[in-house]
Amino acid sequence: MYRSGRWLLILMLALCLMLPHMVPESQVAAAETSGVSDMIILQNVPESDVTVEGDTFTLSALNVYEEGHFKRVEEGIQWSSKNQNVATVDKGGVVTFTGQPGRTWISVSDGVHKDRIALDYKPVRSDQGKGKPEFKPTIKKGKGERYNIISHALENMTVEEKVGQMLMPDFRTWDGEDVTSMLPEIEEQVEEYHLGGVILFRENVVTTEQTAELVSDYQAAAEKFGLLMTIDQEGGIVTRLQSGTDMPGNMALGATRSEEITRNVGRAIGEELSALGINMNLAPVMDVNNNPDNPVIGVRSFGGNPELVGEMGVAYTTGLQETGVAATAKHFPGHGDTAVDSHLGLPEVPYDLERLKEVELYPFQQAMDAGIDAIMTAHITFPEIDDTQVTSQKDGSQIALPATLSEKVLTGLMREDMGYDGVVITDAMNMNAIADHFGAVDAAIRAVKAGTDIVLMPVGLEEVATGLYDAVDEGEVAIETINDSVNRILTLKLNRGIIQSEQPLPVNEKIEQAQQIVGSEAHQQVEKEASERSITMVKNDGVLPLDRIQEEKVVVIGSSFVDSLGNAIINEHPNTTVIEATSYDQLSEDQMQEIGEADQIIYSTYTYNVWTRSVDHPQMRMMGRIMQETDTPIIGVGIRNPYDIMAYPEVDAYLAQYGFRDSSFEATAATIFGDNNPTGQLPVTIPGGNGEVLYEYGTGLSY
């Protein structure tokens, strides 16, 4: 016994001496990273989403630091599967189930630290317990304090670091110049204020190469946690990427009535953003546009029917989040039934909770139930939910508290009544609905106390950050409130892989990958199909489709975007003349002669508010005069808003195209000449005079 014990001891000592030489040098180097206290599998973290779809998925390893933060580690580690009959794992952590039932443990090691996770491939029967069972893979998380990395991070973060996670400024310009590359001053602010995110605008994202490099530089400037790189890439009239695919907007998608097309559009947008390193999209708009006078939502909405908006919004969200890009439903509790733009004033929605749940809140509830990552608040008053009166800084008058600053709306309604526990982000805090009536610091403090997690575009980063620090120190804002918000933000970052890497991909490789994806032929095909399926023939008195008779002369008339429509028509019918005029008085004698000699007239209108749609507006008066003075058939095209026909209901035919991107003009031209059989249906009701309906929701003619 004594001798065998002695030899065992000698053997153990020898193994200990040999161990460093048996472990690959790369693993030892990774394990010895300064300050690393542990290495774990991300999917073991309680807050991590462990949904497995299909038979292949990827595990990730994290280095956890003594200071509380964590980073993704990909090199110097070794993955292994205990039972390869059930599943294998490659060197990148990609797990593949073989189809054989059973359990395996996937392990990862860096030579010092080790973690493992259990994977099952077992039968799952239907609720009735009948029929052949379906085999599905599932993950069994590990348990233990080591996996509570978010709470560990919170324990080690300063108040300044926590507040920084809740601030998302824009750096659209600097000293009057568009910011298209990282500046030392911006890098300093990212570090000094421990920023959790930055929002990009069209001025910042010019080319694929430049955008990928700028986003990469922003992430490199982040101190401990990955940045939420955010943008408003809705599609349609709100499209920021200058090198991306110009997808049709929401109302065009609503007109298609196709969840599949909408999901494809959301996925394509997500793929382009992800390729550029942009990981959060402030989309989709889930407002119900049931007010034709709405000046700010309009075609940004999927339509005027809550069920349609909910279905399309969830489909868009699913496609977007499948790519790893966070989606954001906006503008809660609903901006669709307003006649005031919150960028300019403070709108009010006067309805009670019962009506709001049936209309405005319905799509948001659908998005929440479907697992949307974030909700954006609206700078709108809802006096039936919160009738709190506050004094306006603008003129000293009493005003209702906007939803963005209302605890009854954000906490009482959204979190408690509707059960939402994701990230809440404000709309831009520099909009007049907030900036006119509240001080920048006061507004930010009110928003945080109300229940928001991220303050978007604070007015004066230093002042707002300092004001929030002081509010926490003085007890005006509870530290528990801050902790709850940061917990939600870090959870979102974990689930979307927004984690700094020990070995970030070189920027030239990021650019190369992005160039293969952004504006790709596959995405252009998605755009083309969505545009063609959206075109809605609202009226046709036997005029359409037009014949391609070479001798027949077509005249295209309009002001805004008439060249775009004209070029698309010329591609279909070369014997076409394009006349650009903003009023009837501008038409020259030669142009009047062209109109008089036309065999077919296509008249395009572009509207964005009540005035531009009015019969007294110059473009509508010109349309009226031309209809009066010629017997030539006239085809009206509503370029943006489908409501344009309200100003000229006697037109011979009318098409709604919902946007001003090239693909929509091409789809309209193809429809006019019969190459595209229109299948779009009105996603809104078009009112007539005296409270009557001119065209019902769902109207849509075909050939």
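## A tour of the predicted model

Select strand β15 (residues 228–231) to begin, and look at its neighbour β16, with which β15 pairs in the parallel sense over two bridges. This is a predicted model, and every stop below should be read with that in mind. Within this pairing, threonine 230 of β15 stands opposite methionine 280 in β16. Now add strand β14, and an open sheet of three strands comes into view, in the order β14-β15-β16 and with parallel pairing. The edge strands of this sheet are β14 (197–200) and β16 (280–281), each of which pairs on one side only.

**Aromatic pairs**

Turn next to the rings, of which 14 aromatic pairs are found in the structure. Select phenylalanine 70 and phenylalanine 225, whose edge-to-face pair has 5.7 Å from centre to centre and 70° between the planes. Phenylalanine 70 sits in strand β4 (residues 70–73), while phenylalanine 225 belongs to the loop between α6 (208–221) and β15, so that the eye is led across 155 residues of chain. Phenylalanine 70 is buried, with a relative accessible area of 4%, and phenylalanine 225 also counts as buried, at 9% relative accessibility. A second pair to select is phenylalanine 332 with phenylalanine 364, which counts as edge-to-face because the ring centres are 5.4 Å apart and the planes stand at 85°. Phenylalanine 332 lies in strand β17 (residues 328–332) and phenylalanine 364 in helix α11 (residues 361–369), and the pair thereby links parts of the chain 32 residues apart. Phenylalanine 332 is buried at 0% relative accessibility, and phenylalanine 364 is likewise buried at 0%.

**The nonpolar cores**

Keep phenylalanine 332 selected, as this residue is listed among those with the most contacts inside the largest nonpolar core, which has 131 residues; the others listed are Ile149, Leu167, Leu200, Tyr218, Ile375 and Leu494. Centre the view on isoleucine 375 and show what surrounds it: leaving aside residues up to four places away in sequence, isoleucine 375 touches Thr328, Ala329, Phe332, Phe364, Met368, Met414, Tyr420, Val423, Val424 and Ile425. Apart from this core lies another, of 58 residues, whose members include Val538, Val543, Ile634 and Phe660.

**Around strand β26**

From Ile634, move to strand β26 (residues 600–605), where six of the six residues are buried. Gln600, Ile602 and Ser604 point one way from β26, whereas Ile601, Tyr603 and Thr605 point the other way. On one pairing, four bridges join β26 to strand β24 (residues 554–558), and the two run parallel; here valine 555 stands opposite isoleucine 601. Strand β27 (residues 634–638) also pairs with β26 in the parallel sense, over five bridges, and in this case isoleucine 601 stands opposite isoleucine 634.

Select Phe561, Tyr606, Tyr608, Phe660 and Phe665 together, and you have a cluster linked by ring pairs.

**Charges over rings**

Two further selections show a charged side chain with an aromatic ring. Lysine 82 lies over the face of tryptophan 105, at 5.4 Å from the ring centre, and arginine 625 lies over the face of tyrosine 584, at 4.0 Å from the ring centre.

**Salt bridges**

The last part of the tour follows the salt bridges, which number 28 in this model. Select aspartate 38 and arginine 146, whose side chains meet in a salt bridge of 3.0 Å from N to O. Aspartate 38 is in strand β1 (residues 36–41) and arginine 146 in the loop between β10 (134–140) and α3 (149–156), so this pair ties together parts that are 108 residues apart in sequence. Of the two partners, aspartate 38 is buried, with a relative accessible area of 15%, whereas arginine 146 is partly exposed at 32%.

Go on to glutamate 322 and arginine 263, which form a salt bridge of 1.9 Å, N to O. Glutamate 322 lies in the loop between α9 (306–321) and β17, and arginine 263 in helix α8 (residues 259–276), 59 residues apart. Glutamate 322 is partly exposed at 38% relative accessibility, as is arginine 263 at 33%.

Then select lysine 553 and glutamate 594, whose side chains meet in a salt bridge of 1.9 Å, N to O. Lysine 553 is in the loop between β23 (536–540) and β24, and glutamate 594 is in helix α20 (residues 589–597), so the pair ties together parts 41 residues apart in sequence. Lysine 553 counts as buried at 15% relative accessibility, and glutamate 594 as partly exposed at 25%.

Finish with Asp232, Glu234, Arg240, Arg300 and Lys330, which salt bridges with shared partners join into one network.

Key. Residues are numbered from 1 along each chain as its sequence is written. This is a predicted model: local features need pLDDT of at least 70, side-chain atom pairs count only at pLDDT 80 or more; totals for chains, interfaces and linings use all residues. Side-chain values use heavy atoms; hydrogens and water are left out. Buried means under 20% relative accessible area, exposed over 50%, partly exposed in between (1.4 Å probe, protein chains only). Two strands pair if DSSP finds at least two bridges between them. Rings of Phe, Tyr and Trp (its six-membered ring) pair if their centres lie within 6.5 Å; planes under 30 degrees apart count as stacked, over 60 as edge-to-face and the rest as tilted. A charge sits over a ring if NZ of Lys or CZ of Arg is within 6 Å of the ring centre and within 35 degrees of the ring normal. A nonpolar core is a set of buried Ala, Val, Leu, Ile, Met, Phe, Trp, Tyr and Cys residues joined through side-chain atoms within 4.5 Å. Contact means heavy atoms within 4.5 Å. A salt bridge is a side-chain nitrogen of Lys or Arg within 4 Å of a carboxyl oxygen of Asp or Glu.
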